[in-house]
Amino acid sequence: MNATRTMQLMKEYEVCQKCGNGHVGNGEGKLIVEDTTFHRSCKCGWEVTIEE
Ligand SMILES: [Zn+2]
């Protein structure tokens, strides 16, 4: 996934859409960016995976 698209998705999913938590790491949310997938999850259970 290229940097421009990654930045775009990070901006869109920076904050959890369920509880509004914007933290990543330290037992909070997760942010995983791989070649074809962008994954963002939150400790509340919300998660999103974008495959391109
Ligand atoms: Zn949340």
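Trainee: Leaving aside neighbours within four places in sequence, which residues is V48 in contact with?

Mentor: Contact here is judged between C-beta atoms placed from the backbone, within 7 Å. In this predicted model, V48 has two such partners to note, Y13 and R40.

Trainee: Where is V48 found?

Mentor: Strands are read as DSSP runs and numbered from the N terminus. V48 belongs to strand β3, which covers residues 47-51.

Trainee: Is V48 buried or exposed?

Mentor: Count the other C-beta atoms within 10 Å: 20 or more is buried, 12 or fewer is exposed, and anything in between is partly exposed. V48 has 14, so V48 is partly exposed.

Trainee: How many Å apart in space are V48 and F38?

Mentor: Compare separation in sequence with separation in space. V48 and F38 are 10 residues apart along the chain, and their C-alpha atoms are 8.1 Å apart.

Trainee: Which pattern does the protein follow along the sequence?

Mentor: Take the elements in order. The pattern is α-β-β-β. That gives one helix and three strands. The radius of gyration is 10 Å, close to the 10 Å from the globule rule for 52 residues, so the protein is as compact as a globular protein of that length.

Trainee: What does the C-alpha trace span along its principal axes?

Mentor: About 25 × 15 × 15 Å.

Trainee: What percentage of the residues count as buried?

Mentor: Of the 52 residues, 12% do.

Trainee: Among contacts between residues at least 6 apart in sequence, what share joins residues at least 24 apart?

Mentor: That share is 38%.

Notes. Residues are numbered from 1 along each chain as its sequence is written. This is a predicted model: local features need pLDDT of at least 70, side-chain atom pairs count only at pLDDT 80 or more; totals for chains, interfaces and linings use all residues. Helices (H or I, at least four residues) and strands (E, at least two) are DSSP runs, numbered from the N terminus. The radius of gyration is taken over C-alpha atoms; the globule rule is 2.2 Å times the number of residues to the power 0.38.
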